[in-house]
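Please look at the structure shown here and read the short report that follows. The report goes through ring pairs, disulfides and one sheet in turn.

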Amino acid sequence: QVQLVESGGGSVQAGGSLRLSCAASGDTYSRRCMAWFRQAPGKEREAVATIYTIGGNTYYSDSVKGRFTISQDNAKNTLYLQMNSLKPEDTSMYYCAASPWSLSGGRCATSLTAYNYWGQGTQVTVSS
C-alpha cells in the first residue's frame, strides 16, 4: 500500500510561484512512476507532469512546459512540483499519484487509469 499526502497549495497572484509537496509512504515498488494531475471545476482531471522515479525521466503537458518542474527527494520520500509564472488558468485542485507501472524507455503514462494511488488533493488558486 502507498499513502500520498499533498501540501503547499494556496492562493497567489498571476506571475507568482508555489511549490507543492507530496509525502509518500509505503512500498517503493508501487511508486515506479509518480505524477501530478489537476482538475478544475467542470473539467476532466489531466496530467501536468510525470517522473520515472528510477531513472528520473520527466514529462510535462504543453500547458505547463517551461513553467513547472517536477522533482523528487528519495531520502525524504517526497515528490515536488515547482510552479512558476502561474496563470489564472492554472487554478485547480492538484493531485499527487503513484503507479507501479512504467512504459518502455522509462516513460510514465499520463492516463488516470494507470495510477493506483492518489492523494487527497491541494487547491491552487491564481488570481489575475
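In this predicted model, the count of aromatic pairs comes to four. One of them joins Phe37 and Trp118, whose ring centres lie 4.9 Å apart. The planes of Phe37 and Trp118 stand at 55 degrees, so this pair is tilted; a pair counts as edge-to-face only with planes over 60 degrees apart, and as stacked under 30 degrees. Along the chain the two residues are distant: Phe37 belongs to strand 4 (residues 33-39) and Trp118 to strand 10 (residues 117-118), with their positions 81 residues apart in the numbering.

The two partners are not equally covered. Phe37 has a relative accessible area of 0% and is buried, whereas Trp118 reaches 27% and is partly exposed. The cut-off explains these words, because buried means under 20% and exposed means over 50%, with partly exposed in between.

Trp118 also pairs with Tyr115. Here the ring centres are 6.4 Å apart and the planes stand at 65 degrees, so the pair of Tyr115 and Trp118 is edge-to-face. Tyr115 has a relative accessibility of 4% and therefore counts as buried.

Taken together, ring pairs link Phe37, Tyr95, Tyr115 and Trp118 into a cluster. Which charged residue sits over the ring of Tyr95? The charged end of Arg45 does, at 3.7 Å from the ring centre. The charged end of Arg45 also sits over the ring of Trp118, 5.0 Å from its centre. Arg45 thus sits over two members of the cluster, Tyr95 and Trp118.

The next topic is the disulfides. A disulfide is a covalent bond between the sulfur atoms of two cysteines. How many disulfides does the model contain? The count comes to two, and the table gives their values.

| Disulfide | Sulfur-sulfur distance | Torsion about the S-S bond |
|---|---|---|
| Cys22 and Cys96 | 2.1 Å | about -75 degrees |
| Cys33 and Cys108 | 2.0 Å | about -85 degrees |

The torsion of about -75 degrees in the bond of Cys22 and Cys96 is negative, so this disulfide is left-handed. The bond links distant parts of the chain, with Cys22 in strand 3 (residues 18-26) and Cys96 in strand 9 (residues 92-99), 74 residues apart. Cys22 is buried at 0% relative accessible area, and Cys96 is buried at 0% as well.

For Cys33 and Cys108, the torsion of about -85 degrees likewise makes the disulfide left-handed. Cys33 lies in strand 4 and Cys108 in the loop between strand 9 and strand 10, 75 residues apart, so that this bond too links distant parts of the chain. Both Cys33 and Cys108 are buried. When the bonded cysteines are counted along the chain, the disulfides follow the pattern 1-3, 2-4.

The last topic is a sheet. Four strands form an open sheet in the order 1-3-8-7, with antiparallel pairing. Which strands stand at the edges? They are strand 1 (2-7) and strand 7 (68-73). Each has a single partner strand, so one side of each is left without a neighbour in the sheet. On average, neighbouring strands of this sheet are turned by 15 degrees against each other, direction ignored.

Strand 7 runs antiparallel to strand 8 (residues 78-83), and six bridges join the two. Within this pairing, Phe68 has Met83 of strand 8 as its bridge partner.

Terms used. Residues numbered from 1 in each chain as written. Predicted model: local features only at pLDDT ≥ 70, side-chain atom pairs only at ≥ 80, totals over all residues. Heavy atoms only, no water. Phe/Tyr/Trp six-rings, centres within 6.5 Å; stacked < 30°, edge-to-face > 60°. Buried < 20%, exposed > 50% of the residue type's maximum accessible area, 1.4 Å probe, protein only. Lys NZ or Arg CZ within 6 Å of the ring centre and 35° of its normal. Disulfide = S-S within 2.5 Å. Pairing = 2+ DSSP bridges. Axes fitted to C-alpha atoms, helices over the stretch in contact; angles between N-to-C directions.
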